[in-house]
Amino acid sequence: MDQNDKPAVVIVDDEEMVITSIRAFLRLETAYAVEGFTDPETAARYVETKRVDVVVSDYLMPKMNGIQLLARAKQAQPEATRVLLTGHADKQSAIQAINEVSLFQYLEKPWENAQLLLVIQNGIERAQLLRNLRDKIT
């Protein structure tokens, strides 16, 4: 299986420690290709050029918030599953994300690895099913 066949997960958080922690956990538990970004603008450009199955984003980040980032991800790759992982427990933000970017899941920090893994696994399955369906229709 080459790198392009692996499910691709992007993690975006302005705290490097969050990315390092999730990346290490996913590399230990899965064979996913995992990319991490502390800059949401760089992450958005990556998602606009590479196939991605799941985008996990923090909400509060400098320059661009998680909803804005996930909106760009939705525009570039509608099949990609979008997850908001945030310490900013704000019901209004969750509702906005669900409505504006078709959010798949809203998780609060501190997260539980088992729950995050399940969300990512389900998100990958969903993205692949949507991609296969799109390919059959077109």
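Leaving aside its neighbours within four places in sequence, which residues is A80 in contact with? Keep that selection in mind while the tour starts with the whole chain, which is a predicted model.

**The whole chain**

Show the protein chain as a cartoon and follow it from the N terminus, where the elements run β-α-β-α-β-α-β-α-β-α, giving 5 helices and 5 strands. If you orient the view along the principal axes, the C-alpha trace spans about 40 × 35 × 25 Å. A compact globule with 138 residues would have a radius of gyration near 14 Å, and the 14 Å of the protein chain therefore agrees with that expectation. Switching to a surface representation, you are looking at about 7,300 Å² of exposed area, of which carbon and sulfur atoms supply 51%, while 45% of the 138 residues count as buried. A contact map would add that, among contacts with a separation of 6 or more, 66% are accounted for by residues 24 or more positions apart.

**A80 and its surroundings**

Now select A80, in the loop between α3 and β4, the strand of residues 81-86. Its contacts beyond the four-place window are with V52, D53, R126 and A127, which answers the opening question. A80 has a relative accessibility of 0% and, because the cut-off for buried is under 20%, it counts as buried. For a distance label, pick the C-alpha atoms of A80 and Q128, which lie 48 residues apart along the chain and are separated by 8.4 Å.

**The pair α2 and α3**

Next, select helix α2 (residues 40-49) together with helix α3 (residues 66-76), whose axes come within 9 Å and cross at roughly 10°. Because angles under 35 degrees count as roughly parallel, α2 and α3 are therefore described as roughly parallel to each other. To display the contact itself, show side chains for P40, E41, A43, A44, R45, V47 and E48 on α2, and for L69, R72, A73 and A76 on α3. Coloured by residue class, this contact of α2 with α3 divides into 7 nonpolar, no polar and 4 charged residues.

Stay on E41, which belongs to helix α2: is E41 buried, exposed or partly exposed? With a relative accessible area of 28%, E41 is partly exposed, and, apart from neighbours within four places in sequence, E41 is in contact with M64 and R72. For another distance label, choose L130, which is 89 residues from E41 in sequence and 26 Å from E41 in space, C-alpha to C-alpha.

**Backbone details in the loops**

Three loop residues remain, and each is worth viewing with backbone atoms drawn as sticks. Begin with K63, placed in the loop between β3 (54-57) and α3, where phi is positive at about 75° although K63 is not a glycine. K63 has a relative accessible area of 75% and is therefore exposed.

Move on to S102, in the loop between α4 (91-101) and β5, which also is not a glycine and has a positive phi, near 50°. S102 counts as partly exposed, at 33% relative accessibility.

Finish at P110, found in the loop between β5 (105-108) and α5 (113-137). What kind of peptide bond joins K109 and P110? The bond is cis, with omega at about -5°, and a dihedral label on the backbone atoms of K109 and P110 will let you inspect it in the viewer.

Methods:
Residues numbered from 1 in each chain as written. Predicted model: local features only at pLDDT ≥ 70, side-chain atom pairs only at ≥ 80, totals over all residues. Heavy atoms only, no water. Axes fitted to C-alpha atoms, helices over the stretch in contact; angles between N-to-C directions. Helix = DSSP H or I, 4+ residues; strand = E, 2+ residues; numbered from the N terminus. Parallel < 35°, antiparallel > 145°, perpendicular 65-115°, else oblique. Contact = heavy atoms within 4.5 Å. Nonpolar A, V, L, I, M, F, W, Y, C, P; charged D, E, K, R; others polar. Rg over C-alpha atoms; globule rule 2.2 N^0.38 Å. Buried < 20%, exposed > 50% of the residue type's maximum accessible area, 1.4 Å probe, protein only. Areas by Shrake-Rupley, 256 points an atom, 1.4 Å probe, with all protein chains shown as cover.
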